[in-house]
Amino acid sequence: MTTVRPDAELADLDVPAAITRGLLLDGGPRQALFTEAAIAAVHRAEAAGVGPYPLGFLARHVRAGGFAAALALPEPVIGLTGRALVRDWLQAAAASGADVAREHLFARWLAEVSALIAIRRDMRELDD
């Protein structure tokens, strides 16, 4: 059975810690990375003004060049708040250690967050 957590609980979720744990540990931590942490990340990205396209680009960049290349980007996304948020995520991912499988897993997570933001935008447009 899947537990549904309200947005208020997800607001307190430590996304960077969930990233590091989810990349290092299979099972529950990995599942939490792609469920609760992804949803919490969507809310934070939207609040910071980060859209799906920059996160999709960043996912492809991580997949192609790894954590080091992504951390070397001077501006991974536009805006101070968004940049700080995404850098926290990148640093948390890099803390798991350089490993191609983990880099691809993190890239997949970023792509999922990007897709969820795009879906939420599309749904809002339908409601308008």
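Which residues make a nonpolar surface patch of about 330 Å²? In this predicted model, the patch is formed by I119, M123 and L126. Of these residues, M123 belongs to helix α7 and is partly exposed, its relative accessibility being 45%.

Aromatic contacts were examined next. Three aromatic pairs are found in a search of the whole structure. One of them joins F67 and F106 in an edge-to-face arrangement, with 6.0 Å between the centres and an angle of 65° between the planes. Since F67 is part of helix α5 (residues 52–72) and F106 part of helix α7, this pair ties together parts that are 39 residues apart in sequence. Both rings belong to buried residues, F67 and F106. A further edge-to-face pair is formed by W89 and W109, whose centres are 5.3 Å apart and whose planes meet at 85°. Here the link runs between helix α6, which holds W89, and helix α7, which holds W109, across 20 residues of sequence. W89 and W109 are both buried. Together, F67, W89, F106 and W109 make up one aromatic cluster. Elsewhere, the face of the F34 ring is covered by R108, which lies 4.3 Å from the ring centre.

F67 also takes part in the surroundings of S96. This serine is placed in the loop between α6 (80–94) and α7 (100–127). S96 counts as buried because its relative accessibility is 7%, below the 20% limit. Apart from neighbours within four places in sequence, the residues in contact with S96 are T20, L23, L24, F67 and R102.

Charged side chains form three salt bridges. In the one between E46 and R120, the closest N and O atoms are 3.0 Å apart. E46 lies in helix α4 (residues 36–47) and R120 in helix α7, so this salt bridge ties together parts that are 74 residues apart in sequence. Both partners are partly exposed, E46 at 22% relative accessibility and R120 at 32%. E75 and R83 form another salt bridge, with the closest N and O atoms 3.0 Å apart. E75 is partly exposed at 42% relative accessibility, whereas R83, at 19%, counts as buried; the value for R83 falls under the 20% cut-off, and the residue is therefore classed as buried. The salt bridge between R30 and D26 has its closest N and O atoms 3.6 Å apart. In that pair, R30 is partly exposed with a relative accessible area of 22%, while D26 is exposed with 60%.

Methods: Residues numbered from 1 in each chain as written. Predicted model: local features only at pLDDT ≥ 70, side-chain atom pairs only at ≥ 80, totals over all residues. Heavy atoms only, no water. Helix = DSSP H or I, 4+ residues; strand = E, 2+ residues; numbered from the N terminus. Buried < 20%, exposed > 50% of the residue type's maximum accessible area, 1.4 Å probe, protein only. Contact = heavy atoms within 4.5 Å. Phe/Tyr/Trp six-rings, centres within 6.5 Å; stacked < 30°, edge-to-face > 60°. Lys NZ or Arg CZ within 6 Å of the ring centre and 35° of its normal. Patch = residues over 30% accessible without salt bridge, like charges linked within 9 Å, V, L, I, M, F, W, Y side chains within 5 Å. Areas by Shrake-Rupley, 256 points an atom, 1.4 Å probe, with all protein chains shown as cover. Salt bridge = Lys/Arg side-chain N within 4 Å of Asp/Glu carboxyl O.
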